[in-house]
Amino acid sequence: MRRRYAVASAMVGALALIALAGCTTDPNVTAPTEDAGATEESVEWFDQELFDKQDAERDVVPEGPDGQPWLQHINAEMVDTSEFASDGAKKACFANASISNPWRTTGWITMNQQLKVLQDAGVISEMETRDAQDSDDTQIADIDYFIEEGGCDIFLISPNSTAAMTPAVERACDTGKPVVVFDRGVQTDCPVTFIHPIGGFAWGIDTAEFLIDELDEGDKVVALRILPGVDVLEQRWAAAEKLFDEAGIEAVDYFTGADPAEIKKIISDELAKGDVDGVWMDAGDGAVAAIEAFEDAGVDYPVMTGEDEMSFLRKWKETGLTGLAPVYSNFQWRTPLLAAQKIFAGEEVPQEWVLPQSPITAEEVDEYLALNENMPDGHYAKFGGEDLPGYPQVWEDRIVP
Amino acid sequence: MSTTTPASVRRTAPRRRRLDASLIVGIALVAVIIVGAILVASVGRNFFSAGNIRDILTGMSVLGFVAIGQTLVILCASLDLSVPYVVSLSSLIAADLMAGNPANIPLAIVAVLVVAAVIGLANGLIVTKLKVNGFIATLGTGLIIKGYLDSNYKGTSGQVPWEFQLIGATGIGPIPISTLLMLLVAVAGAFFLARTRTGNHMFAVGGNEQVARLSGIRTARPLIVAHVLCSITAALAGLLLASRLGVGSPVVGTQGGYDLLSIAAVVLGGTLLMGGRGSIWGTIGGVAIFAVVDNVMSVMQVNPFLKDVVRGVVIVAAVAVYTSRSVDRRRPRFANAAPPPTASGSGPANGSDAREEARA
Amino acid sequence: MTAVTTDRPGFGQRLADLGRALVSPRGAVFLLLIVLLVAIALINPSFAEPSQFIRFIQRVAPVAIVAIGQYFVIVGGEFDLSMGSVVTTQVVIAGNLIGQDDAKSLPVLLLMLAFGAFIGLVNGLIVSFLKVPSFIVTLGMMLALLGATLYWTGGAATGNPADGFREIGRGGIRDLPVIDILPWSVLVLAIVLAAAIWFSKRPFGRTIIALGDNPTTARFSGTRNWWVKTSTFMISSLSATIAGVLLVGYAGVHPSVGRGYEFTAITAVVLGGVVLGGGRGWVVAAAAGAFALEALFTLLNFAGVPSTYRDAVQGAIIILAVAYSATTFRARRRGRGIDAPSPSSDPVADAPAEASRPDSPTSPDAATQISPPAATQTSPAPAEERDAEASARPAPIPSTPRADNETKGGS
């Protein structure tokens with residue numbers, strides 16, 4: 001008998017301890033409001049300087065060839081690459097973080113088609129790729145392997161995470177060969193160029209301003225976020241949250257893991273608690289599930305921002321809701337190889353190559369839907385490959401090289 | 001009483017017993033290396049070049065640490081699914097405490113090992129005192145640690161000083177220091193299992209706990225020690241990762257899939273999932289097989305999705321080769337009479353014979 | 001040789017039995033479920049509305065179906081880690097093969113069921129004949145299946161299939177009184193649950209439990225172990241397929257649908273009091289475990305607990321639930337019927353008494369346990385039940401405290 005009580009009280013004690021530990025370590029627990037969460041996250045991710053920089057960049061007209069946004073740049077400081085100029089086809093080595101989500105897979109397919117063009121032109125002989133499958137440790141090993149065994153003329157790197165990849169990128173730079181970093185950045189300036197669209201803060205500003213314009217003060221917005229800790233995603237939310245706060249919009253955020261079932265549950269629960277006037281997403285995966293949750297509950301569609309994934313664009317058109325599709329410029333996957341071409345030709349390239357990042361508005365939706373009519377739902381409208389060989393078949397069949 | 005069965009037992013049992021688990025894994029490893037070398041040569045690379053060897057050995061180090069600890073736990077017929085989170089937590093604590101200052105390194109290492117030992121102790125106590133299955137207990141503690149990590153760490157944190165980064169970066173020729181450290185720990189582990197009392201007791205407790213207890217062994221202690229050691233080796237893996245990454249990361253453990261992969265490596269190495277038989281060196285062989293397969297696939301630029309298919313098939317096929325050959329999993333209680341129960345895969349046909357034997 | 005005479009229990013006695021059953025490890029999950037549902041309703045009264053509640057059941061339906069499938073595997077002594085990948089694959093197959101063509105719904109559905117059965121067959125045969133531990137086989141299958149699916153679709157599905165097919169997971173019988181809509185998912189769940197209960201009472205179902213408890217005895221009794229085992233894996237894969245069909249409707253097609261379902265299923269089953277290692281458990285309790293798990297998540301959601309903290313709560317609940325059943329009561333002999341646990345229970349870990357191969361009374365020698373007198377006191381109770389079983393038992397071997405929860409599955 002005594003033992004039963006002992007065990008039972010031990011378990012109650014353990015549960016209490018866990019609850020207590022949770023309370024003390026995480027200020028978020030006590031606050032169903034978002035204030036506590038806001039301060040903790042903004043302290044970590046919100047960077048006023050970067051925010052302002054990206055805000056300004058949104059309005060700048062990019063320089064570069066018309067109709068080819070993957071070659072355009074904004075506010076570029078050019079660097080001289082004449083030291084790398086040389087003839088002959090070069091070997092590129094690409095350390096890819098992963099192709100584990102549809103955005104990356106679309107970009108990867110586009111990149112390979114771009115490679116074909118450059119191979120035909122005799123600029124690049126081959127591109128050896130090592131895929132790290134989302135693991136920092138593996139990508140570091142990949143870069144080291146390329147340095148040792150790759151015989152590379154240029155390193156193309158899409159880092160898996162910022163701080164962890166920095167030493168490896170620096171080692172690549174130390175070889176004397178040019179290094180091109182794109183998508184996520186690293187904490188060093190040694191690469192020849194760092195290619196990326198304007199950035200997460202700009203995304204947050206675009207989307208938050210849209211929702212604020214369309215909604216009234218006091219309206220509720222549900223924010224669906226994929227993962228914590230990814231800087232490109234965290235910056236989006238940091239900016240949006242700040243703007244929502246200032247405009248008096250009540251915003252609640254959830255982590256979904258991009259699982260549509262989870263998204264539907266979250267929205268359904270929110271609808272059960274009260275009205276939901278707007279939906280904000282930090283990435284387009286699962287947008288359809290969110291919209292369907294409104295349908296199933298029989299309430300009006302929200303004002304919504306998703307992404308340029310075809311599933312969202314199609315559903316947006318079909319339902320006629322008020323929406324905006326921000327983009328993370330999928331065409332940036334073309335630019336590294338084109339940058340390589342420029343580097344070996346001795347042409348100037350921007351130190352930080354900021355690509356344009358303009359959301360798809362309601363006026364533009366039809367055009368993009370027509371261009372991508374037979375593409376699968378996981379395809380991204382701004383993939384920038386319309387002039388590449390294999391369009392549209394390669395992306396329709398979605399054969400991953 | 002059938003006359004053929006005792007003869008067959010006598011004939012087959014010694015031969016089967018002679019097939020040592022580690023030997024099979026060693027043969028499999030050599031086979032994989034040969035096939036790998038041919039495949040790698042077909043794309044124009046040299047499998048045995050310094051860079052390639054370094055790639056393979058680096059790939060072995062982290063998983064090797066985790067798998068050594070997992071071997072001890074599985075030997076005791078338990079499991080540890082909390083290792084990825086222990087790895088992540090260790091890397092974070094280490095990087096945060098070191099904060100770029102080499103003078104903090106000893107403190108950080110000690111702190112990490114202490115925290116890991118506490119987690120292992122909790123695991124062990126939950127399994128032994130609360131009588132919860134190892135699978136569930138460590139799944140639960142892993143989730144608790146995950147909740148803590150998700151709530152308190154939004155991204156990478158801390159800074160590892162250059163001196164400590166050297167551990168993950170340098171090597172003797174093509175052999176990284178980290179691999180040597182891992183092999184050192186493996187030697188220590190093997191010695192512990194073979195020569196110390198607690199180590200021997202682990203085999204006993206895992207093999208048949210009732211008999212172990214009747215023999216006078218305190219069955220809780222080896223199990224708790226196994227869980228503590230498993231968490232400590234996971235902490236070592238976390239330290240190594242902190243050294244390689246230069247920062248601590250809350251997701252580095254889950255990125256590597258160390259829980260399921262370490263269990264797969266352990267089973268591949270010949271340790272029985274229900275405990276009682278196994279060896280550290282077999283596990284190292286299993287880890288090496290994984291590393292070689294991964295390396296070959298990367299060099300051949302295999303589509304990442306297909307890599308998972310190959311991994312899955314390799315895991316099942318390798319274990320199948322092992323389990324279908326070395327069968328003597330349960331020593332017959334009456335050596336001359338009952339055939340090994342596993343030989344009765346042919347079902348009821350042997351049922352009556354077996355029953356007769358059992359009563360003999 | 002049924003020695004025990006049964007007298008009709010009075011109403012008070014029945015109530016006491018019910019109470020005891022609820023608090024027993026077997027019934028504890030129902031108590032937990034009731035507590036959670038009441039808590040949710042208190043925080044958010046609209047949850048208690050029939051139309052809301054029926055929607056809650058709709059969302060839990062896939063998880064509960066998967067838990068039922070996993071129940072059969074676990075009670076047979078194995079693990080099935082491939083369920084999540086099966087769900088994902090089936091969802092993607094539906095999306096890719098049906099497209100927008102309603103006419104293809106039925107053939108593709110049959111194909112999906114056949115494919116699910118095939119996966120289960122492969123799993124079961126490798127476990128039975130190649131003797132590979134089920135943990136390893138299903139782990140390998142999980143990796144291989146997911147990789148193959150992603151390779152086939154290029155990492156992203158084509159799109160949601162025709163609405164007709166999705167109606168199963170999304171729609172229902174509308175315009176009903178009180179509950180407004182009866183989702184098809186709920187009907188499917190009810191059918192699956194009824195089928196599972198019926199099946200577990202059939203001889204074959206009981207054989208599964210027997211196999212999980214003691215494979216050697218089962219084989220001696222004349223069962224074909226390999227077929228029983230394989231069929232449990234087929235049941236589990238088929239249940240994952242059905243869950244996939246429901247999820248296609250509910251969530252749409254996406255490569256991340258279904259991820260992690262196997263761990264959710266195992267957690268639900270264990271919460272339901274089913275013992276890992278097999279031989280004991282009630283299928284309704286497994287389904288209730290799934291409901292309890294989802295109710296827990298919903299409660300955390302309504303209570304405003306940040307999503308990052310939820311994993312910790314889930315982990316703690318899992319440990320406590322299993323610890324509760326393992327330590328506070330002696331486990332019952334055979335996992336059938338609503339036998340109340342013997343009140344004279346020695347709270348000691350003799351609970352897992354008969355998990356190990358031969359059956360056994362409580363351990364008289366307690367190096368790590370408590371009072372031997374209490375231990376011997378419990379012997380008569382099992383003796384009676386054992387007689388009622390009328391199965392041959394070899395000489396008893398002292399039980400081990402941990403044996404019940406040993407990972408027996410696999411080798």
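This is a walk through a predicted model, one selection at a time.

**Stop 1: chain A, split in two**

Start with chain A and colour it by domain. Domain 1 takes residues 35-51 and 200-324, while domain 2 is built from 65-199, 329-359 and 376-397. If you drop a pseudoatom at the C-alpha centre of each, you should find 30 Å between the two centres.

Now select the seam. Here 14 residues of domain 1 of chain A are in contact with 14 residues of domain 2 of chain A. On the domain 1 side, the elements giving two or more residues are helix H7 (200-214), helix H8 (231-247) and helix H11 (310-319) of chain A. Which of them gives the most to this side? That would be H7(A), with 4 residues. Colour the domain 1 side by residue class and you get 6 nonpolar, 3 polar and 5 charged residues.

**Stop 2: the six-stranded sheet of chain A**

Hide everything but the strands S2, S3, S4, S5, S6 and S13 of chain A. They form an open sheet, and reading across it gives S3-S2-S4-S5-S6-S13, with parallel pairing. At the edges sit strand S3 (124-131) and strand S13 (352-355) of chain A, each of which pairs on one side only. Tilt the view to see the twist: neighbouring strands are turned by 20 degrees against each other on average, ignoring direction.

Bring in helix H6 (residues 162-174) of chain A next. This helix packs on the sheet and touches strand S4 (154-157) and strand S5 (179-182) of chain A. The direction of H6(A) makes about 150 degrees with that of S5(A). Follow the chain through S4(A), H6(A) and S5(A), and you have traced a right-handed β-α-β unit.

Stay on S4(A) and show its side chains. In a regular strand, side chains alternate between the two faces of the sheet. Here A:Ile154 and A:Leu156 point one way, A:Phe155 and A:Ile157 point the other way, and all are buried.

Then check how S4(A) is held on both flanks:

- Towards strand S2 (residues 90-96) of chain A, there are 4 bridges to S4(A), and the two strands run parallel. Zoom in on A:Ala95, whose bridge partner in S4(A) is A:Ile157.
- Towards S5(A), S4(A) has 3 bridges, again in a parallel pairing. The residue to click is A:Phe155, whose bridge partner in S5(A) is A:Val179.

Slide over to S13(A). Strand S6 (residues 193-197) of chain A is joined to S13(A) by 4 bridges, and the two run parallel. Which residue of S13(A) stands opposite A:Ile195? Select A:Trp353 and you have it.

**Stop 3: the five-stranded sheet of chain A**

Swap the selection to S7, S8, S9, S10 and S11 of chain A. These 5 strands make an open sheet in the order S8-S7-S9-S10-S11, with parallel pairing. Its edge strands are strand S8 (250-255) and strand S11 (323-324) of chain A. For a close-up, take strand S9 (residues 278-281) and strand S10 (residues 303-305) of chain A, which run parallel and share 3 bridges. One pair to label is A:Gly278 with its bridge partner in S10(A), A:Val303.

**Stop 4: where chain B meets chain A**

Turn chain B on. It has 16 helices and 2 strands, and 57% of its 360 residues count as buried. Among its contacts with a separation of 6 or more, 78% are between residues 24 or more positions apart.

The contact with chain A takes 32 residues from chain B and 32 residues from chain A. On the chain B side, select helix H3 (50-75), helix H6 (134-152), helix H11 (220-245) and helix H12 (252-255) of chain B, the elements that give two or more residues. H3(B) contributes the largest share, 7 residues. By class, the chain B side divides into 10 nonpolar, 17 polar and 5 charged residues.

**Stop 5: a covered helix in chain C**

Finish on chain C, which has 16 helices and 2 strands. Of its 411 residues, 61% count as buried. For contacts in chain C with a separation of 6 or more, residues 24 or more positions apart account for 76%.

Select helix H12 (residues 261-271) of chain C: 10 of its 11 residues are buried. Among them are C:Tyr261, C:Glu262, C:Ile266 and C:Leu271. Step just past the end of H12(C) to C:Gly273, where the backbone takes a positive phi of about 85 degrees.

Conventions:
Residues numbered from 1 in each chain as written. Chains lettered and ligands numbered in written order. Predicted model: local features only at pLDDT ≥ 70, side-chain atom pairs only at ≥ 80, totals over all residues. Buried ≥ 20, exposed ≤ 12 C-beta atoms within 10 Å, placed from the backbone. Contact = placed C-beta atoms within 7 Å. Pairing = 2+ DSSP bridges. Axes fitted to C-alpha atoms, helices over the stretch in contact; angles between N-to-C directions. Right-handed = clockwise from strand over helix to strand, strands pointing away. Nonpolar A, V, L, I, M, F, W, Y, C, P; charged D, E, K, R; others polar. Domains from an automatic or database assignment.
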